[in-house]
Amino acid sequence: MSGAIAYISRDTDSAQWKTVLEAGLGPIDFRTLDRLGNTDEIEIALAWKPDRGLIATFEKVKLIVSLGMGVDHLLADDKLPQGVPIVRIMDEGLVGQMSEYALYWALRHHREIDRYAESQRARLWQPLDFIDTIHRRVGVMGLGTIGQDTTRKFAALGFPTAGWSRTAKTLPGIETFHGQDGFARFLARCDILVDILPLTRDTRGILDAAAFARLPKGAYFINIARGGHVVDAALLAALDSGHLAGAALDVFHQEPLAADHPYWTHPKVRVTPHIAGATNPRTASPGVIENIKRLRAGRELINRVDPKTGY
Ligand code: OXD
């Protein structure tokens with residue numbers, strides 16, 4: 001039998017992962033955090049938020065698989081073995097969930113559903129003025145797989161949609177901006193801003209007071225990327241001053257969000273517990289199986305991460 005596959009995560013789906021991997025690979029030596037056994041036998045680490053330094057103890061590890069599409073949880077480990085390839089899952093199910101989540105909050109804001117809920121509580125029949133879809137400009141930060149799917153769906157609904165990325169990208173029907181110069185111009189045209197960027201050295205704290213100030217007055221912010229992009233005090237100040245209409249936040253600097261964090265009770269903030277997209281072993285496993293086969297056959301890996309760019 002080949003080397004062991006270790007499931008390094010506190011999530012509770014290890015049995016499902018074992019089942020789907022065995023369906024594609026045949027019998028495997030599958031280890032979990034509580035039963036790692038002789039760690040020199042571990043060939044592949046399937047990891048989600050591993051403890052710092054743990055993977056470094058697997059002296060013969062040949063492949064690290066991120067069990068999420070983001071890899072910041074791995075790259076934050078300064079002891080991660082250098083030179084061991086890192087791949088991430090690419091899960092169409094997860095991509096669809098993420099764009100669906102962004103669309104939900106955007107439409108809820110766009111159609112003033114919260115104000116109608118208030119009217120209902122007061123038994124008030126009160127139609128409100130509305131903004132036409134063609135005048136509500138949506139902007140998506142991050143044009144990777146999820147960002148592209150999200151821009152495509154907003155554009156299909158008729159929202160003037162733009163995207164911003166580090167390097168230039170061209171997408172049909174989408175206005176694109178890139179780099180530092182493009183960022184200010186991009187923000188200035190976002191009535192709804194959706195964050196789907198990876199968390200890297202360059203994007204940590206990117207949404208600060210200056211960035212929020214560049215958004216048009218009344219803009220709405222949706223974060224399905226990482227809490228580390230946001231300077232929380234700046235977001236709260238922009239909401240409190242009335243510059244921003246509201247925010248839907250699925251990700252936070254610290255998760256779970258501390259019980260006394262102001263986001264929980266802020267009237268303009270909607271909090272969800274990092275559920276915008278969940279990795280499903282059934283839909284995520286084909287890519288993982290393919291990579292394990294490629295590794296063992298000495299072939300080029302897919303969905304490989306460049307530790308320098310962080311995605
Ligand atoms: C991911 C996530 O990175 O769920 O996949 O945050």
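How far should the 17 residues of helix 9 span at 1.5 Å a residue, and how far apart are its end C-alpha atoms?

1. In this predicted model, helix 9, which covers residues 281-297, should span 24 Å, and its end C-alpha atoms are 23 Å apart, so the expected span and the end-to-end separation agree. That agreement should be read together with the kink of about 25° that is centred on Gly-287 in helix 9.

2. As to burial within helix 9, the buried residues are Pro-281, Ala-284, Ser-285, Val-288, Ile-289, Asn-291, Ile-292, Arg-294 and Leu-295.

3. The ligand is surrounded by Trp-48, Gly-68, Met-69, Gly-70, Arg-226, His-274 and Gly-277, a shell that divides into two nonpolar residues, four polar residues and one charged residue.

4. Turning to the polar atoms of the ligand, a backbone N or O atom of Met-69 lies 2.7 Å from a ligand oxygen atom, while the side chain of Arg-226 places an N or O atom 2.8 Å from an oxygen atom of the ligand, and the side chain of His-274 has an N or O atom 2.7 Å from a ligand oxygen atom. Of the 210 Å² of accessible area that the ligand has on its own, the protein covers 89%.

5. Leu-107, which lies in helix 3 (residues 92-110), has a relative accessible area of 33% and is therefore partly exposed, the category that runs between the 20% and 50% cut-offs. The C-alpha atom of Leu-107 is separated by 9.8 Å from that of Thr-133, although the two residues are 26 residues apart along the chain.

Notes. Residues are numbered from 1 along each chain as its sequence is written. This is a predicted model: local features need pLDDT of at least 70, side-chain atom pairs count only at pLDDT 80 or more; totals for chains, interfaces and linings use all residues. Side-chain values use heavy atoms; hydrogens and water are left out. A residue is near a molecule or strand if one of its heavy atoms lies within 4 Å of it. A polar contact is a pair of N or O atoms within 3.5 Å; within protein, one must be able to donate a hydrogen and the other to accept it, and residues adjacent in sequence count only if both atoms are side-chain atoms. Accessible areas come from the Shrake-Rupley method with a 1.4 Å probe; for residues, only the protein chains shown count as cover. Ala, Val, Leu, Ile, Met, Phe, Trp, Tyr, Cys and Pro count as nonpolar, Asp, Glu, Lys and Arg as charged, and the others, Gly among them, as polar. Helices (H or I, at least four residues) and strands (E, at least two) are DSSP runs, numbered from the N terminus. The expected span of a helix is 1.5 Å times one less than its number of residues. The bend at a residue is the angle between axes fitted to the seven residues ending there and the seven starting there. Buried means under 20% relative accessible area, exposed over 50%, partly exposed in between (1.4 Å probe, protein chains only).
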